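Me: I'd like to go through this one and check the reasoning behind the labels. Here it is.

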Amino acid sequence: MKKPEPLDVDAILDDPGTRIIVCCGAGGVGKTTTAAALGLRAAERGRRAVVLTVDPARRLAQSMGLTELDNTPRLIVRHDDGGELFAMMLDMKRTFDEIIEAHADPERARQILSNPFYQSLSSSFAGTQEYMAMEKLGQLRRSDEWDLIVVDTPPSRSALDFLDAPERLGRFLDGRFIRLLTAPAKAGGRSAFRLLNAGFGLMAGALTKLLGAQVIKDLQTFVSALDAVFGGFRQRAELTYKLLQAPGTAFLVVAAPERDAMREASYFVERLAEERMPLAGLVVNRVHLTPASALSAARSAAAAEELESRGEHELTAAVLRLHAGRMQLAARQSREQEHFVTAHPTVPVVQVRAMSDDVHDLAGLRQIGELLASA
Ligand SMILES: Nc1ncnc2c1ncn2[C@@H]1O[C@H](COP(=O)(O)OP(=O)(O)OP(=O)(O)O)[C@@H](O)[C@H]1O
Ligand SMILES: [Mg+2]
């Protein structure tokens, strides 16, 4: 395999200029594990680090003492030399509520929070989780309490979802949702919200029949209340976006050595370049490594076949088959990585081997951290 640049994880963790690391990638590849392992390693190297996780596997969350969603960082490990690891699990609904509380006066906030439309909106539409992760990142960074914030990204259909989330939320709030409620012909130019309020009189008759008077009233209250805080959403989304482009941010794309995940990693690398967001490198996780000197798949399979045809040494034949299978898997994984390296020869890469068990405690995270730093 063509040799990629080695990714120097410790250099990134130790650089005081690194303030944010974002772990992104396709679903299930090891984003949360990587983020937690990096946070732990940073803490053990003397930094005050916080890991913002989204949906950690239950056993991992428990091992880190993250048993409830309380939306504030909890101390996990404190070192004698000053390093600390904090972690928090994102509570999407709570984060949304906090934004409303921070940006609307108390009466307005109360109106929005208790509105049935808010309650379904805040947890249901696509992209909320991604958006809230970015929002929380902005909050943590502004607090300036941390040397290093390691961000895990949500299990999305696509690794790109979280980059699109702020934009999507904005579009949703001033676009589709509103058009759905107003006469389509009137949507041009003016504030959609004001238009909606004005439009209510006209359409109230028809809609009231359809939805009932209380629903219309709720909807109207919700939309006019949201109008008051809406400006802030866009603005903060833009700030967070700039934060992601800043030199203190390092994106790590995590992938499994499989076709779909590697392809998605490729897209992500290209997208980050387009958005001028700083890519630190690629983590290929759960790699099956084989020693270069090992018996080849072909010879191993041939030997197994020979033994089987003679009806001898059944167990030896089975072991040879198993070995051939592993060698084939390793070869396939290495081909998938080769495609990536050929397409992106300058992207630094580190491989993390597949553990025999899942990663569910600090010892396991420490081991992943060592592998991450071993390129
Ligand atoms: N190198 C590894 N060896 C063995 N198991 C691993 C390794 N890395 C991660 N795992 C396990 O794989 C599972 C998925 O990992 P993780 O939760 O970190 O993925 P994720 O990308 O965050 O997934 P999601 O997209 O669902 O959030 C977990 O059970 C984890 O313990
Ligand atoms: Mg995860």
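Me: First, a polar contact here is a pair of N or O atoms within 3.5 Å. Bear in mind too that this is a predicted model. With that cut-off, what makes the approach of Asn-285 to a nitrogen atom of ligand 1 a polar contact?

Reply: An N or O atom in the Asn-285 side chain sits 2.9 Å from a nitrogen atom of ligand 1. The limit is 3.5 Å, so the pair qualifies.

Me: Which polar backbone atom lies 3.1 Å from a nitrogen atom of ligand 1?

Reply: That one belongs to Arg-353. As for cover, the protein hides 86% of the 630 Å² of accessible area that ligand 1 has on its own. The elements giving two or more residues to the shell are α2 (31-44), β7 (279-287) and β8 (349-353), with α2 giving the most, three residues.

Me: How many aromatic pairs does the structure hold?

Reply: One aromatic pair. The partners are Phe-86 and Trp-146, with ring centres 4.9 Å apart.

Me: Why is that pair called edge-to-face?

Reply: The planes stand at 65 degrees, and over 60 counts as edge-to-face, so the name fits. Phe-86 is in strand β4 (residues 84-89) and Trp-146 in the loop between α7 (128-143) and β5 (148-152), so the pair ties together parts 60 residues apart in sequence.

Me: How do you know whether Phe-86 is buried or exposed?

Reply: Its relative accessibility is 11%; buried means under 20%, so Phe-86 is buried. Trp-146, at 6%, is buried by that cut-off too.

Notes. Residues are numbered from 1 along each chain as its sequence is written. Chains are lettered from A and ligands numbered from 1 in the order in which they are written. This is a predicted model: local features need pLDDT of at least 70, side-chain atom pairs count only at pLDDT 80 or more; totals for chains, interfaces and linings use all residues. Side-chain values use heavy atoms; hydrogens and water are left out. Rings of Phe, Tyr and Trp (its six-membered ring) pair if their centres lie within 6.5 Å; planes under 30 degrees apart count as stacked, over 60 as edge-to-face and the rest as tilted. Helices (H or I, at least four residues) and strands (E, at least two) are DSSP runs, numbered from the N terminus. Buried means under 20% relative accessible area, exposed over 50%, partly exposed in between (1.4 Å probe, protein chains only). A polar contact is a pair of N or O atoms within 3.5 Å; within protein, one must be able to donate a hydrogen and the other to accept it, and residues adjacent in sequence count only if both atoms are side-chain atoms. Accessible areas come from the Shrake-Rupley method with a 1.4 Å probe; for residues, only the protein chains shown count as cover.
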